[in-house]
Amino acid sequence: MSGGHEGTVLLADRAERAVLEALAAERGWSRAAISTAGFDEMEQVAWRADGLFVLYSELHPQGHRVVRVTGEHEAMVDEALGVVRSALPTVPVDALLDVLLAVPPADARAAVRALNGLRAADVWNCADGRPRPEDPRYRAAVERSARHPERQVVRALVYMVGDLMTIRPGIAEPLLALRGTGGPAADIIDDFADFCGRRA
Amino acid sequence: MNVCTIPAWWNELTGQRLGVVWLDPADWEPAWQHAEESGAMSPGRLDTDDELLRKGRLLVGTGPEAVRRWTGQRLAAAWFLDPDEPDVLWCALGGFYPAWLWIPVEPTAAGIGDALGEPFPRPAAPRVELTGFTRGFIGFRHLVTVPDVLREDGVPPWEQALGDDLVPMDGPSLDRYAKVVKFLDPQAWGSAREEDPYPEHFDAEHHDPAPSRMDVVPIRDGHRLQRLGRVPSMTWRTLHSRSHLSIEIHTREIVCAAVRYRPSPPAHRVVARRLNETHGEHYPEDLPLDVIGVLAGWDWNIEADLAPSLADPDDTEAVSVGLRCLAALWHGDLRSTLRLREWATVPDPAVRANLAVIAYLYNHQFLMQELMLSETDAAELARLEELLDHAPSPDAFNAFRDDFGGAAVMVDDSGAPVAEWGDE
């Protein structure tokens with residue numbers, strides 16, 4: 001894999017993989033590898049171009065797809081990411097955070113999908129253990145989602161925090177602060193607190 | 001002896017070195033006298049089509065050859081001419097191809113080159129270069145059948161005769177059947193192998209090609225293993241296009257045929273188009289002809305064919321089954337799979353139970369979450385949460401009912417044998 005610089009875009013649900021394949025062919029990216037979906041294996045296609053590695057991945061447990069570009073030169077990586085964004089509908093992380101910070105709280109289904117989207121957007125950062133610059137919106141989103149009236153939102157939030165807490169320090173604290181405070185998701189929060197205690 | 005007008009282009013074409021052995025016009029013979037068994041099943045309507053299309057056509061040449069791996073069978077192309085249509089040659093990529101797979105060819109060197117491709121047959125390619133993909137639902141595991149293959153002593157597996165009966169499809173029966181199907185290389189590999197594991201050529205020192213070893217070597221070398229976590233499959237390479245044709249068994253009972261292929265040459269696509277138009281099939285027009293030769297023996301159902309099962313929301317059994325089939329067709333296509341979410345709000349328990357099975361077996365945790373969002377029964381909600389929280393685990397079902405005489409049937413990602421379970 002070409003190293004140095006990287007970026008990941010989250011694809012919208014309606015993004016067509018065939019469009020990406022056509023884009024790759026048009027730009028002369030050569031197909032380097034494929035992986036077929038399995039229980040724990042992602043459906044993936046990788047392309048290689050001069051100094052660039054482009055990887056399409058389907059995160060079927062979370063229900064999201066991402067395209068990651070890595071390369072030696074930042075400008076080339078940015079250009080390739082721009083080309084992908086122009087060709088395919090994508091979802092900026094800002095939009096996901098907006099859902100989770102909405103007042104009044106977002107519909108539960110939208111909130112769960114946004115939380116899964118945040119997991120997907122950071123999947124490669126988590127895999128590489130690459131800490132992210134602090135963004136106070138993440139912590140705020142955790143604070144809001146932890147108080148969502150729908151239990152399944154809190155469950156999805158715990159999965160998200162569990163994935164991202166290593167690369168986004170501090171995002172677990174709002175959840176842990178709710179330990180013992182009751183509510184429809186009290187058991188989930190308590191279990192998560194126990195988990196963090198065992199990790200520490 | 002044939003008596004008919006020799007086309008004007010005959011002498012010029014046959015004077016060129018094209019890899020074809022042209023028959024002397026005096027030796028042209030009726031096509032119906034050269035119907036060669038392919039070994040593949042085909043429905044009666046296609047057999048009738050074959051008979052009708054052969055009428056009036058004459059065999060005028062053979063070659064070049066393709067060699068079927070492991071068996072050493074040399075399978076020559078065949079060329080036909082209809083004297084009433086002298087400006088068209090008909091190319092059968094193998095003499096065993098039924099007439100509904102013959103390619104109409106302009107009788108020039110270029111036309112022959114377009115039909116055969118260069119080189120002939122195509123070289124093998126790794127999966128990453130097989131850019132075409134299609135999958136069709138062919139039936140439920142307990143209903144899909146293959147011909148019974150007789151087991152006569154002293155006869156190589158690829159020359160065994162087909163019996164009159166159909167038998168349930170499982171690993172052993174599929175394996176025996178595929179060995180006699182000339183469209184396919186005779187040996188399959190299981191889902192534990194991502195690439196074709198078999199050598200192109202067999203040398204006696206390293207790979208024993210003896211017929212008696214055909215059943216032993218793939219098992220000994222682990223090529224028939226299933227990999228825990230992957231959809232159980234058996235995959236064969238096809239003879240001419242070198243496509244990878246897989247029989248997959250999804251969620252324990254949904255049988256699909258899936259193909260990875262390089263798009264067929266433009267000259268071949270009229271054949272697929274005609275099949276689709278004449279017989280109501282739905283093959284991709286660029287699907288290679290050797291693949292179609294095998295698939296034609298089964299029902300091939302695409303998404304549009306399954307739509308009627310979802311049309312009546314009150315027919316919950318049909319809806320449930322339809323969703324299982326769609327999930328199989330959509331496997332590896334997350335954009336389509338997300339559409340299963342639309343059904344997560346349906347209140348019927350049978351539909352919801354099938355969606356939960358789909359979510360569990362494919363590890364679609366998002367679908368489990370969607371079900372939980374609309375679950376009104378507290379006990380069922382608790383059950384779904386328990387399933388999700390305790391990390392769904394991959395299914396170790398021995399879908400092909402394989403028995404390798406004590407050798408492992410399934411392995412995990414480290415290659416360690418896994419205790420599988422089966423129907424009994």
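Strands here are DSSP runs of E, at least two residues long, numbered from the N terminus. By that rule, P104(B) lies in strand β6 of chain B, residues 103-105. I should say at once that this is a predicted model.

Let me stay with P104(B) for a moment. Is P104(B) buried, exposed or partly exposed? A residue needs 20 or more other C-beta atoms within 10 Å to be called buried, and 12 or fewer to be called exposed. P104(B) has 16 other C-beta atoms within 10 Å, so it is partly exposed. Setting aside neighbours within four places in sequence, its contacts are V88(B), W90(B) and V270(B). There is also V271(B), which is 167 residues away along the chain, with 8.2 Å between its C-alpha atom and that of P104(B).

Next, the nonpolar cores. The largest one has 159 residues. Which members touch the most others? They are V54(A), V67(A) and L157(A) in chain A, and F80(B), C91(B), I292(B) and L355(B) in chain B. By element, α7(A) gives the largest share of this core, nine residues. A second core, separate from that one, has five residues, among them A192(B), L225(B), L228(B) and V409(B).

Back to C91(B). Not counting residues up to four places away in sequence, C91(B) touches A77(B), W79(B), W102(B), I103(B), V105(B) and A115(B). Two of those names belong to the strand I opened with: β6 of chain B covers residues 103-105, and C91(B) touches I103(B) and V105(B).

Now the contact between the chains. Chain A puts in 27 residues and chain B puts in 19. On the chain A side, β2 (30-35), α4 (108-121) and α7 (151-164) each supply at least two residues. How does that side divide by class? Ten of its residues are nonpolar, seven are polar and ten are charged.

Last, chain A by itself. The domain assignment splits chain A into domain 1, residues 5-87, and domain 2, residues 93-199. Taken over C-alpha atoms, the centres of the two domains are 26 Å apart. Eight residues of domain 1 and seven of domain 2 make the contact between them. On the domain 1 side, β1 (5-10) and β5 (64-71) of chain A each supply at least two residues, and β5(A) has the largest share with three. Sorted by class, the domain 1 side has three nonpolar residues, four polar and one charged.

That is what I have for today.

Terms used: Residues numbered from 1 in each chain as written. Chains lettered and ligands numbered in written order. Predicted model: local features only at pLDDT ≥ 70, side-chain atom pairs only at ≥ 80, totals over all residues. Domains from an automatic or database assignment. Contact = placed C-beta atoms within 7 Å. Helix = DSSP H or I, 4+ residues; strand = E, 2+ residues; numbered from the N terminus. Nonpolar A, V, L, I, M, F, W, Y, C, P; charged D, E, K, R; others polar. Core = buried A, V, L, I, M, F, W, Y, C linked by C-beta atoms within 7 Å.
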